Amino acid sequence: MTRRSTVTSRRTALTSRRTVVLTALLGAALLMISTTMTWIAATGLGETSSVAEVEVPGSQAADTVAAMGLVGLAGAVAVTIAGRAGRWIIAALLLIASLMSLYASLGVLIDPAGAAESAVGEVTG
């Protein structure tokens, strides 16, 4: 086997329909699972509050992440029936969805108080 054929077969394996679908499904599932976990634990709410701590899940802190997880699931399903040109379009859309998820997640990391504000407001009144 020549070096060129090894590189070509490796590239084909990475861009095969099965690999793309499984990777998109895995990424989307990880996004969806991550939004069910606690992203922020707000403490020090004051003496007038009925609770000492409020746990804010990812779905409340950055609802965009859950939405982009659904986009990823839809993209994975669409790849199964798309042709070559369609797969490139879907890949571009999945890239945009992943960048939007990253942007929303970074927003929570940069300003956790702002992200937890509405959840804390619901609990404290």
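Buried residues, meaning those under 20% relative accessible area (exposed is over 50%, partly exposed lies in between; 1.4 Å probe, protein chains only), account for 24% of the 125 residues in the protein. The accessible surface comes to about 8,400 Å², worked out by the Shrake-Rupley method with a 1.4 Å probe, where for residues only the protein chains shown count as cover. Carbon and sulfur atoms hold 66% of that surface.

A few ground rules help here: this is a predicted model, in which local features need pLDDT of at least 70 and side-chain atom pairs count only at pLDDT 80 or more, while totals for chains, interfaces and linings use all residues. Residues are numbered from 1 along each chain as its sequence is written, and side-chain values use heavy atoms, with hydrogens and water left out. As for pLDDT (the predictor's confidence in each residue, from 0 to 100), the protein averages 86, and 89% of the residues score at least 70. Among the elements, helix 4 comes out highest with a mean of 94, and helix 1 (residues 3-14) lowest with 62.

On to the fold. There are 6 helices and 2 strands, taken as DSSP runs numbered from the N terminus (helices are H or I, at least four residues; strands are E, at least two). Along the sequence they follow the pattern α-α-β-β-α-α-α-α. Contact here means heavy atoms within 4.5 Å. Of the contacts between residues at least 6 apart in sequence, 59% join residues at least 24 apart.

The two strands come next. Strand 1 and strand 2 pair in the antiparallel sense over 5 bridges; pairing requires that DSSP find at least two bridges between the strands. One of the partnerships links A41 to E55 in strand 2. Side chains alternate along strand 2: V54 and V56 are buried and point to one face, whereas E53, E55 and P57 point to the other and are not buried.

The largest nonpolar core (a set of buried Ala, Val, Leu, Ile, Met, Phe, Trp, Tyr and Cys residues joined through side-chain atoms within 4.5 Å) has 13 residues, and I40, V56, A61 and V108 have the most contacts inside it. At least two residues each come from strand 1 (38-43), strand 2 (53-57), helix 5 (84-110) and helix 6 (112-124). Helix 6 supplies the largest share, 4 residues. In soluble globular proteins, nonpolar side chains tend to be buried together. Leaving aside neighbours within four places in sequence, I40 touches V54, E55, V56, A61, V108, P112, A115 and A116.

Helix 4 (residues 63-81) runs for 19 residues and reaches 29 Å from its first C-alpha to its last, close to the 27 Å expected at 1.5 Å a residue; the expected span is 1.5 Å times one less than the number of residues. Its buried residues are V65, A66, M68, G69, G72, G75, A76 and V79. They pack against helix 2 (17-34), strand 1 and helix 5.

Helix 5 has 27 residues, which should span 39 Å at 1.5 Å a residue, and its end C-alpha atoms are indeed 39 Å apart. I90, A97, S101, A104 and V108 are the buried residues mentioned for this helix. An α-helix has 3.6 residues a turn, so residues three or four places apart point the same way. The buried residues of helix 5 pack against helix 2, strand 1, helix 3 (58-61), helix 4 and helix 6.

Two positions in helix 5 deserve a look. A97 counts as buried because its relative accessibility is 4%. Not counting residues up to four places away in sequence, A97 touches M68 and V71. A97 and T64 are 33 residues apart in sequence and 9.3 Å apart in space, C-alpha to C-alpha. S101 is likewise in helix 5 and is buried, with a relative accessible area of 4%. Outside its neighbours within four places in sequence, S101 is in contact with L31, V65 and M68.

Two further residues round out the picture. T35 sits in the loop between helix 2 and strand 1 and is buried, since its relative accessible area is 4%. Neighbours within four places in sequence aside, T35 is in contact with P57, G58, S59, V65 and A66. V20 belongs to helix 2 and, at 27% relative accessibility, counts as partly exposed. The C-alpha atoms of V20 and R87 are separated by 9.1 Å, with the two positions 67 residues apart along the chain counted as their separation.
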